[in-house]
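Visitor: I am new to this structure and would like to be shown around. Could we go through it step by step?

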Amino acid sequence: MFGPLNGVRTTLVAGAVVASIVALILGYPIVAVVLGVGIAAHVGLWIWLYQRRPQGPPSN
């Protein structure tokens, strides 16, 4: 059910990673830190949700 949504989320987080790296290269460390905090929160919450997913076949 959430397959396409996860694909969009993955693309957006990957873009944020690239933007953070570019910000560091261009000399904007505060921007890179803000993006890094958002990325870390996103990844941490994704892991938390993944660990709490229902086990077994989906119910209809």
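Guide: One definition comes in useful at the outset: a charge sits over a ring if NZ of Lys or CZ of Arg is within 6 Å of the ring centre and within 35 degrees of the ring normal. The model is predicted, so local features need pLDDT of at least 70 and side-chain atom pairs count only at pLDDT 80 or more, while totals for chains, interfaces and linings use all residues. Residues are numbered from 1 along each chain as its sequence is written, and side-chain values use heavy atoms, with hydrogens and water left out.

Visitor: Which residue lies over the face of Y50?

Guide: R53 does, at 4.1 Å from the ring centre of Y50.

Visitor: And how many aromatic pairs are there?

Guide: Rings of Phe, Tyr and Trp (its six-membered ring) pair if their centres lie within 6.5 Å; planes under 30 degrees apart count as stacked, over 60 as edge-to-face and the rest as tilted. By this rule there is one aromatic pair. It is formed by W46 and Y50 and is stacked, with 5.1 Å from centre to centre and 15° between the planes.

Visitor: Where do W46 and Y50 lie?

Guide: Both are in helix α2 (residues 29–51), four residues apart, which is about one turn of the helix. Helices (H or I, at least four residues) and strands (E, at least two) are DSSP runs, numbered from the N terminus.

Visitor: Is W46 buried or exposed?

Guide: W46 is partly exposed, at a relative accessible area of 40%, and Y50 is also partly exposed, at 43%. Buried means under 20% relative accessible area, exposed over 50%, and partly exposed in between (1.4 Å probe, protein chains only).

Visitor: Let us change topic. How many helices and strands does the protein chain have?

Guide: The protein chain has two helices and zero strands. Its radius of gyration is 15 Å, well over the 10 Å that the globule rule gives for 60 residues, so the chain is more spread out than a compact globule. That radius is taken over C-alpha atoms, and the globule rule is 2.2 Å times the number of residues to the power 0.38. Along its principal axes, the C-alpha trace spans about 50 × 20 × 10 Å.

Visitor: What share of the residues is buried?

Guide: Of the 60 residues of the protein chain, 10% count as buried.

Visitor: Which residues of the nonpolar patch lie in helix α1, say L26 or I21?

Guide: L26 lies in helix α1, and so does I21. L26 is exposed, with a relative accessible area of 58%, whereas I21 is partly exposed, at 47%.

Visitor: How far apart are I21 and H42?

Guide: I21 and H42 are 21 residues apart in sequence and 17 Å apart in space, C-alpha to C-alpha.

Visitor: What about G7 and V22?

Guide: G7 and V22 are 15 residues apart along the chain, and their C-alpha atoms are separated by 23 Å. G7 is in helix α1 and is partly exposed, with a relative accessible area of 34%.
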